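Colleague: Please show me the model, and then let us go through it by question and answer.

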Amino acid sequence: MQAHATASPFSPIAVAGTIAMLVAYVLCAWSAAAGIAGNARKSRRLVISSVYALYAFGALIAVASALIIYAFVTHDYAIRYVFETSDTSMPVWYKVTSFWGSLEGSLLFWVLMLALFSMVAVAVNYRKHKDMIGYVVGTIMLVQVFFMTLLVFQKNPFATFLSDVPTDGKGLNPLLQNYWMVIHPPALYIGFVAATIPFAFGIAALASGRLDDLWLSSVRTWMLICFFFLSLGLILGGRWAYEELGWGGYWAWDPVENAGFIPWFTATAFLHSIIIQEQRGMMKGWNMVLMFLTFFFTIWGTFMTRSGIVQSVHAFGEDKLLALQFVIFMGLLTIIAVGLIVYRWQRLSSTGRFESFTSREFSFLLNNWILLACALFILFATMFPTIKETLLNERATVGIGFYNKAMPWGGLSLLFLLGAAPLLAWRRTTRERLLSQFLRPGLFALGLTLLLLAVVPATRKLTTLTFYAFDVDLPIPAVTLLLIFFGVASIGQEFWRGIAVRTQQTGSDPVSSLFGLLLTKRRKYGGYIVHLGMAVLFCGFVGKAYDRMVDRTIAAPISARATTGPVADNDPAWFAFQGYRFLYEELTQTSDDRKQATTARVSVWKDGKKLATVFPAQWQFFKGSQPTTEVAILPRVWLGGETWSQRADFSEDVYLVLTGFNGEQANFRIYLNPLVNFVWLGFLILALGTIICLLPEIPVPAPRTRLGRAAEAATLVLLALGIVAGLTKAAVAESQGAGATSTGAQPAAGSPATAGPQAEQAPRSLADVPAAVLAQAGGEHDTGQGMGDGQGYAHLHRPSDDTTAWIMKELICMCGGCQRETIFECKCAFAAEERKKVIDRISAYSVATPSEREHAKKALLASFVKEYGSEQVLATPASKSSWFIPVLGALGGLGILLVVARKWVVRGKQEFAQDKPAAQEDAAYAERLDDELAKVD
Amino acid sequence: MQKDWTMSSPKSTNKSGKRQAAGTRNNAESAPPAVALPVAAVHDSAAGASSVARYVGWFVLAVATLIGWGFIAWVNRYRLSAPVVFLQLGWLAVTSAVYFLWHTGWVALAAPVTGDDPWWQPEGQREALLREKKSLLKAIKEVEFDQLMAKQSRADADELIAVYRHRAIGVIKALDALDSLHASASPREQLEREVRARVELLNQSAHAAGKNAAKRAKAQVSERDRATVKKQQAEASIAAALAGSQNGAPGAVGAAATEVAAGTPDDAVAGPGSNAHDQATREPSVAAAAAAVPSAIAITQTDAAGAREAVATPAEGSTQAASAADVATAEAAPARADKDITP
């Protein structure tokens, strides 16, 4: 309960902020009207006035934003929004991030980002596109008018209390008090906002009839920015979830995560199809559609997050009026965009043509279809519960499993194209060339995969995928690895051959040729680096098939016993999992003015060597309703190991969660996440590739003298040496630190010191640990189900066989607090009770044969559906109709694509044969052309 | 107070890479002769003044911002803290908002431009063709690169390259035709365009200067004289420059310059003054220009047809080609014949 003072609710900051927003509102309406009318009437003064108005609008929104942040940092609790999302004890950075911590502020933040981006976009493109800049400004400002209408009339962040002013605020949601949340939302918002600029240019091009390629270069850059920031926002969100939510994963197909992912797909599709337009003059209309879809999905994502129509950990709560306003806005957008596209369709028709299925054009077309199918599938699955509730008045849930079983089809197809498309030529690739291009990467990938299958049995693991509600077990990890190897090999071949050709052409050394390739063909080779990043990301995704989890309850830490000297091997403070041993050393409670922290000190051992001391913790914020888990993550990297055994732990995260405590007793959940670090590494590579694509054109004059070439080569070698030296130094430092210092979650204020002398007494090996200890700890298991003991919730009633575990993974925890977690994963008491029900009910069935197991699964799921009265309790919708639409859409789309492409190919071949230049080239002009070509790099 | 609200920088780069003062030559060259540009749009002689005005504006903005920052720092006893930083950022935004708001209103209240405003032509035919050529050259290189990397068979690559080359040669021819219109076809036409533009400029300048009838009448004589002298000087200098630049025909160009200077005394003399007078002077000027331009129009139209022919080749697939043809057709119109193709 907040203390309230009797102070006056007057706040000069609120008055000034509201005035700034009102003026900005009028201004953006003027800007939109003047821009559109000016462009339509060819009135220069109106257009220029609209441009200045856009700048002024940006400045006024900056004023409002600065004022609201000022109110946060000066604790102006007369303003409701400041009161709702901050308190005096928060550090300054979290007060700043409170700006976008709730609905009103996040809308203002959106408007600010769009205003700043549009200022830059208009300033950069004004001269080049004077004939349509009015429409660009008008479109952007119409979007701003919508958001400003919400801000001014409904969600004013400067609204004040009518009477008493509280003395302190409620505080920011504890989950958002994380450093990743300082940069994750801005990154995602920038990605969303950046999609508005291409949309505005697209609408302007359609409205003005200027449908040539001039505006495409501007649009491409902005879509790349959109792609980059969406990727950054998604990966930062993943990292935040990994560190903050404590469920051992980074992607849960949460509706709000999906909201950022859907436009990512369409933006990626656009970036590919625009290359076809630039290179072959095709797919103009389709590019317009993709541009519109990308923008539309960003608004859709905002709608899902803000209106509360879907349940999510990120959602801001239900608001039907807001939802209606968004629906009207999206309807208007669709009418305008579709109307303009239809109006200009004749001028958007392709002037190029397809001539073969084995061409790069067709691979891009296929890639577009898969990306769009993925986007639409995710959209459908995300909206399915809402659609079902609206139409049938019946709740449903779409859990992680639903996506994980369906999305790999699209992912694997894209992974194949990622490696195959670069090997294809424009127009057509003959059979011989196809063979020569695919042979080496194919053989390399096949050989390596077979080797892995022979040497590493784990790669033979089967994973369940779904096809039209039928589950099939397939060797997905092996197939994924095969495609990853193929992709990496094909990109490697592209670089290798490219360097060879360039070396031959320029006479320079291979290193210079590599840099030359990257600088002169940045888009192509930058794109290949992005592909490489995606392949590495898929390595991380493969790791999900091998992650393991276990729950342990340890009665007391070693610090609870007044013993000195080495810790006995059979001390109950030890617990083991998958070759690791963990020593529960101490549990301490500390507090500061924001929270009370309960921190466990645990040392992690392997092969008799201590790897690190980690500090999993739970923080109970004084102004938060539920505790947050502060997980301890110990990354195991190749360079950190000294023995081959340790090196075999290549890129595995040991992930410890303190799930509960009772006095000295502590409940731990341990995840081993193999290959997860490839996800972060893959993103870094992807970001590098995108930045290379975004680099402006730089002429790279080749050195003309031998001395010049030598100097260039020497510089490059020194640069490479410097990078290698830096990386080696960092690796060595990490290697040294890994064994001695703590990693993972940092202890809270006043946290326990590092492990004492007695903790350094290492047990010799896991083999030395008495069997009794292992048995007490629950033993080892590979199937992922926890087998804990003692008291608590997370470890209670764990499954003892695969069938029980499967059923638990198919049932959603209905406690109301958990967001779409299954009862297998959920740590709450309700989930433990549900698990008990499953164990009790399955005991009535025989599960000796596969058919009996299937029968038991169906019967148990049906019993839970009956108990809850709807399929809401199921993680995967059982109704086949739920699968019908996406499958029909995907396969129907593919069918249409193939039929249409077949027609195009036949017609293209005929037209190309007719259009062959018959006349001999004019010799003088041919010579001039050769001269000009010689100057092109 | 005249102000350049066209948002152009004080200096802009022309096609040949030479830098020139904004608002002077650009406006003069691109303005259609028969159109009376409003006061706010011309600012010819005020190019320098508008630059000064813009710099004054920025200076006032900077001073206001600094004063505000100083005041905020003083109130907070020069301690840098989060509130101070955000307050100062807010103040910067306030001054910027006032600056841009002022411009928004100022521009909106300016007199409208009537007629065919050249401002709406962001890119000329030449740029479109150059872009098309660059794109085709890159496409040829890309196919060659693919072929060298063994992605494409020699025969396929040759076929595709032949198409691109055919198209590229068409573009180069179109560019040549365009260039010949500027450079080789007629120094006289070039000169006439320049003269016409300058006369227009002087007319506009004078028009802007006088609103009072008495003052106009009084100023007419002196302005006339001044304008005549200025114009003759300008024409002579242009003629000399052109004569110098034309190898082998200096005499002809010089004669053309003299002829033009001598043949348009009324234009020069009647330039500034009343609106009626403006109109009177403009009409002969247009008539003269119209008489001088037919050959240019013919060439431009041929050129447009050539460009269209070039893009209507088998390689119709190129979007740039189509747009180039559109631009070519559009610019073949007499009213614009001398707009984007002025060197």
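The turns below deal with the two chains and then with a sheet.

Modeller: This is a predicted model, in which local features need pLDDT of at least 70 and side-chain atom pairs pLDDT 80 or more, while totals for chains, interfaces and linings use all residues. Residues are numbered from 1 along each chain as written, chains are lettered from A and ligands numbered from 1 in written order, and side-chain values use heavy atoms, without hydrogens and water.

Colleague: What area do chain A and chain B bury between them?

Modeller: Buried area is the accessible area (1.4 Å probe) that two parts lose on being put together, summed over both. Of this area, 64% is on carbon and sulfur atoms. The total is about 7,100 Å².

Colleague: Which residue of chain A meets B:Glu142 in a salt bridge?

Modeller: A salt bridge needs a side-chain nitrogen of Lys or Arg within 4 Å of a carboxyl oxygen of Asp or Glu. The count between the chains is 10 salt bridges. In the one with B:Glu142, the N to O distance is 4.0 Å, and the partner is A:Arg360.

Colleague: Which strands stand at the edges of the open sheet in chain A?

Modeller: Strands (E, at least two residues) are DSSP runs numbered from the N terminus, and two of them pair if DSSP finds at least two bridges between them. The sheet has 4 strands in the order β3-β12-β11-β10, with antiparallel pairing. Each edge strand has a single partner, so one side of each lacks a neighbour in the sheet; these strands are β3 (548–554) and β10 (632–636).
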